[in-house]
Amino acid sequence: GVAVVLGFLYLTLLRFFAKCMVWTTVFAAMLSFIIGSAYTLYKAGFIKASDLAAASKDISGSASAGNDVTGALDSVDTGSMDVETWKIISYIVCVITIVFLMVIVFMWRKINIAAAIIQEASKAVKRMMMVITFPLTTVISVVCVFALWLYCFMGLYTAGEIKVKNMFADGANMTAIASSAGNKTNSATMSEIELNQFRDYMIAYWIFALLWLANFCMGVAIMTICGAFAEWYWTKGEPERLPVTKSLWRTVRYHLGSVAFGSLLIALVQFMRIILEYVDSKTKTLQEKNKGMKYLIILLKCVLACFEKCVKYLTRSAYIVIAIKGTNFCSAGFTVFGILTKHTKQVGITMTIAGFMMLLGKVVILAGCIVVGFIWLDTDKTATT
């Protein structure tokens, strides 16, 4: 309950103070990079503590501030890291800081546009409160699909034929065996399962089916939310009643084929990653002898992981175009490619800023729940220690 309340409050703040919150987050990140650069340069020996103390004194106008900075830096335990290691770290941090600063300087207009987009999105959530609770239905549907899948998987995993064998069919001395067992032999037969020769292939197919079904359920949810937001935007913030329900109906009526095709693409990439993990587990010994093969598998894992992210982003962006225009998946995919080609910078900035704001919201909600929970438990007189 506290998390839901804090979530609504955070969305309200984004609605009225989106630009302020975005720029505060950006400057806080910039300040963190600058402090990190100064610290790594100090540890690498490029600057001295006296220089930082003098700079701190100039800013604050107090001699005690410089002493505090010097003492804080000297009190930090750097472990066994040598100066050369700190130099490498300082180079990396300084480059990141410079790049981040250049992005802020040259992309400030696009950052403002990203803040405006986030502000509009928060308005849409306010007008369509069902968007917040709708993902719960997706979670329930995925859990039900997984439960049914697991039940069938157990049947596939034990697919085979039970055969009964006679322990003494080979003419063994039954008396000797019975005496060695303490004359307590109750049966001369033994049952065993002879697994089906196609079991592994059926399991592989069933794992792929799970990936496809799970992505299909999530695709329906994404398409539904995209349709609701599209209706809100194109009706100038005055959508009809039950926009989420109507968007779900449009998805089921017109766009299930597109969702199935998009989820198929994602499932194929994920299945390729599972196959690669299987190959990796079976070639551990060979990889220890051949380092080239080990690095090749690591490289393939990285490439497939990046490819999966690209496919997911393309698919979800295509869902947005489908929800707006009602086109098929392939034409929507080409439209997305055109948008990314023309507005690469704006899309990147918007996605980054939105990611920052969502992360900040999660941290705020989590911290708020922790504080409320601590106060509740600390003041509960019935609690036992």
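1. A salt bridge here is a side-chain nitrogen of Lys or Arg within 4 Å of a carboxyl oxygen of Asp or Glu. With that in hand, you can start with the count: the structure, which is a predicted model, holds nine salt bridges.

2. A good place to begin looking is the network of salt bridges that links Glu277, Asp280, Lys284 and Lys301. Within this network, aspartate 280 pairs with lysine 284, their closest N and O atoms being 3.4 Å apart. Aspartate 280 also meets lysine 301 in a salt bridge, at 2.6 Å from N to O. Lysine 301 belongs to helix 12 (residues 291–325) and aspartate 280 to helix 10, so this pair ties together parts that are 21 residues apart in sequence.

3. How accessible are these partners? Aspartate 280 counts as buried because its relative accessible area, 6%, is under 20%. Lysine 284 is partly exposed, at 44%, and lysine 301 is partly exposed too, at 24%.

4. One further salt bridge to find joins glutamate 288 and lysine 291, with 4.0 Å from N to O. Glutamate 288 is exposed, with a relative accessible area of 53%, while lysine 291 is partly exposed at 39%.

5. Next, have a look at the second largest pocket, which has about 320 Å³ of space. Helix 8 (199–234) and helix 10 (256–282) are the elements that give two or more residues to its lining. Helix 8 provides the largest share, six residues. Among the lining residues are Tyr157, Arg199, Asp200, Phe271 and Tyr278.

6. What classes of residue make up the lining of the second largest pocket? Nine of the lining residues are nonpolar, two are charged and none is polar.

7. Alanine 209 is also worth a glance, and you will find it in helix 8. Alanine 209 is buried, with a relative accessible area of 13%. Its C-alpha atom is separated by 9.7 Å from that of phenylalanine 271, although the two residues are 62 apart along the chain. Phenylalanine 271 is one of the residues lining the second largest pocket.

8. Finally, turn to the surface, where Phe46, Ile88, Tyr91, Ile92 and Ile96 form a nonpolar patch. Together, these residues have about 500 Å² of accessible area. Isoleucine 96, a member of the patch, is found in helix 4 (residues 83–106). At 40% relative accessibility, isoleucine 96 is partly exposed.

Note on methods: Residues numbered from 1 in each chain as written. Predicted model: local features only at pLDDT ≥ 70, side-chain atom pairs only at ≥ 80, totals over all residues. Heavy atoms only, no water. Patch = residues over 30% accessible without salt bridge, like charges linked within 9 Å, V, L, I, M, F, W, Y side chains within 5 Å. Areas by Shrake-Rupley, 256 points an atom, 1.4 Å probe, with all protein chains shown as cover. Helix = DSSP H or I, 4+ residues; strand = E, 2+ residues; numbered from the N terminus. Buried < 20%, exposed > 50% of the residue type's maximum accessible area, 1.4 Å probe, protein only. 1 Å grid on protein atoms, 1.4 Å probe; cavity = no way out; pocket = protein on both sides within 12 Å on 5 of 7 lines; lining within 4 Å. Points joined across faces, edges and corners; volume = space filled by probe spheres on them. Nonpolar A, V, L, I, M, F, W, Y, C, P; charged D, E, K, R; others polar.
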